[in-house]
Amino acid sequence: MKIICIGRNYAKHIAELKNDVPQEPVFFLKPDSAILQKNKPFYIPDFTNEVHYEVEVLFRIGRLGKNISTKFAPRYYAEVGLGIDFTARDIQQDLKQKGLPWEKAKAFDSSAVLGAFLPIEQFEDINSIPFSLYKNGEVVQEGNTKDMIFNIDQLVAHTSKYMTLKIGDIIFSGTPEGVGKVEIGDRLQGYIGEQIMFDFMVK
Ligand code: ZN
């Protein structure tokens with residue numbers, strides 16, 4: 001399976017990193033070796049001094065598809081989850097400046113945290129899902145999928161133009177503002193609405 005991550009999909013997060021608003025979705029991949037799940041602890045890798053959390057709503061692909069139209073996109077995902085796109089921000093800044101690919105900053109082991117998934121039927125409107133991230137009991141990120149620049153149907157349509165979506169693939173749909181550094185000993189808890197989706201420690 002593959003993990004497709006959307007970059008620059010919330011205006012206030014684009015502003016905090018001083019990036020430009022994209023004309024079409026920006027995406028990159030993480031390998032399956034990046035997955036961290038079941039609330040296992042995250043170990044900060046030794047090659048970076050600045051790992052940032054980015055809480056994101058996840059969509060799991062439930063049907064094989066290519067060149068999917070926006071109209072039919074809802075047939076291709078069946079579950080919604082919450083996760084973290086861990087990012088070595090110091091390395092990413094360096095790579096961005098040099099115009100190099102981002103994998104060292106984005107695709108490392110344990111950089112794709114997968115929390116729980118919920119069936120799509122549980123949501124009245126997937127384009128209005130509130131979510132939040134708590135660090136050591138304090139809210140650090142709050143978002144709502146209604147603020148996405150490109151909604152999930154547009155993301156499915158766009159990404160499937162370039163690569164076949166397969167059952168089990170996961171889309172990380174972008175992070176809202178409030179990203180920040182993790183330290184050893186931090187506890188991270190993610191919520192969709194009132195429902196806890198993950199709860200793990202940084203080591
Ligand atoms: Zn992200």
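# Chatting through a predicted model

Q: Which strands make up the open sheet of three strands, and in what order?
A: The order is β7-β4-β12, and the strands pair in the antiparallel sense. This is a predicted model, so keep that in mind as we go.

Q: Which of those strands stand at the edges?
A: β7 (87–88) and β12 (180–181) do. Each has a single partner strand, so one side of each is left without a neighbour in the sheet.

Q: How many bridges join β4 to β7?
A: Two bridges, and β4 covers residues 51–53. You can find one pair by eye: Val-51 has Ala-88 in β7 as its bridge partner.

Q: What about the sheet with seven strands?
A: That one is open too, with the order β2-β1-β11-β5-β6-β8-β3 and mixed pairing. Its edge strands are β2 (26–30) and β3 (35–36), which pair on one side only.

Q: How do β5 and β6 pair?
A: They are antiparallel, with seven bridges between them; β5 spans residues 55–61 and β6 spans residues 77–85. As an example, Val-55 is matched with Ile-84 in β6.

Q: Let's switch to the zinc ion. Which residues are its protein donors?
A: They are Glu-54 (OE), Glu-56 (OE) and Asp-85 (OD), which lie 1.9 to 2.1 Å from the zinc ion. Written as a sequence pattern, the donor residues are spaced E-x1-E-x28-D.

Q: Are Glu-54 and Glu-56 buried or exposed?
A: Glu-54 is buried, and Glu-56 is buried as well.

Q: Glu-54 is on the contact list of Gln-141. Where is Gln-141?
A: Gln-141 sits in strand β10, which runs over residues 138–144.

Q: Why does Gln-141 count as buried?
A: Its relative accessible area is 1%, and buried means under 20%, so Gln-141 counts as buried.

Q: And what is Gln-141 in contact with, leaving aside its neighbours within four places in sequence?
A: Quite a list! Among them are Tyr-53, Glu-54, Val-55, Phe-131, Leu-133, Pro-176 and Val-179.

Q: Which backbone atoms lie by the polar atoms of its side chain, Gln-141's I mean?
A: The backbone nitrogen of Val-55 is 3.0 Å from a polar atom of the Gln-141 side chain. For the backbone oxygen of Pro-176, the distance to a polar atom of that side chain is 2.8 Å.

Q: How many bridges join β9 to β10?
A: Six, and the two strands run antiparallel, with β9 covering residues 130–135. Lys-135 has Glu-138 in β10 as its bridge partner.

Q: What does Asn-136 do in that hairpin?
A: The hairpin of β9 and β10 has two residues between the strands, and Asn-136 takes a positive phi near 50° there.

Q: New topic: where is Ser-173?
A: Ser-173 is in the loop between β11 (170–172) and β12. Its relative accessible area is 0%, so Ser-173 is buried even though its place is in a loop.

Q: What does Ser-173 touch, not counting residues up to four places away?
A: Ser-173 touches residues including Ile-6, Tyr-10, Glu-56, Val-57, Phe-59 and Leu-155. A polar atom of the Ser-173 side chain also lies 2.7 Å from the backbone oxygen of Val-57.

Q: Leu-155 belongs to α4, right? How many residues of α4 are buried?
A: Yes, Leu-155 is one of the buried residues of α4. Eight of the 11 residues in α4 (residues 152–162) are buried, so the helix is mostly covered.

Q: What covers them, the buried residues of α4?
A: The cover includes β1 (3–7), β2, β5, β6 and β11.

Q: Which residue caps the N-terminal end of α4?
A: Asn-151 does, with a side-chain oxygen 3.1 Å from the backbone nitrogen of Asp-153.

Q: Zooming out, how many helices and strands are in the chain?
A: The chain has four helices and 14 strands. Of its 203 residues, 51% are buried.

Q: What radius of gyration does the chain have?
A: The chain has 16 Å, which agrees with the value near 17 Å for a compact globule with 203 residues. Its C-alpha atoms fill a box of roughly 45 × 40 × 30 Å along the principal axes.

Q: Last one: what share of the contacts with a separation of 6 or more comes from residues 24 or more positions apart?
A: Those residues account for 76% of such contacts in the chain.

Methods: Residues are numbered from 1 along each chain as its sequence is written. This is a predicted model: local features need pLDDT of at least 70, side-chain atom pairs count only at pLDDT 80 or more; totals for chains, interfaces and linings use all residues. Side-chain values use heavy atoms; hydrogens and water are left out. Buried means under 20% relative accessible area, exposed over 50%, partly exposed in between (1.4 Å probe, protein chains only). Contact means heavy atoms within 4.5 Å. A polar contact is a pair of N or O atoms within 3.5 Å; within protein, one must be able to donate a hydrogen and the other to accept it, and residues adjacent in sequence count only if both atoms are side-chain atoms. Donors are N, O and S atoms within 2.8 Å of the metal (3.2 Å for Na, K and Ca); water is not among the atoms, so sites may look incomplete. Two strands pair if DSSP finds at least two bridges between them. The radius of gyration is taken over C-alpha atoms; the globule rule is 2.2 Å times the number of residues to the power 0.38.
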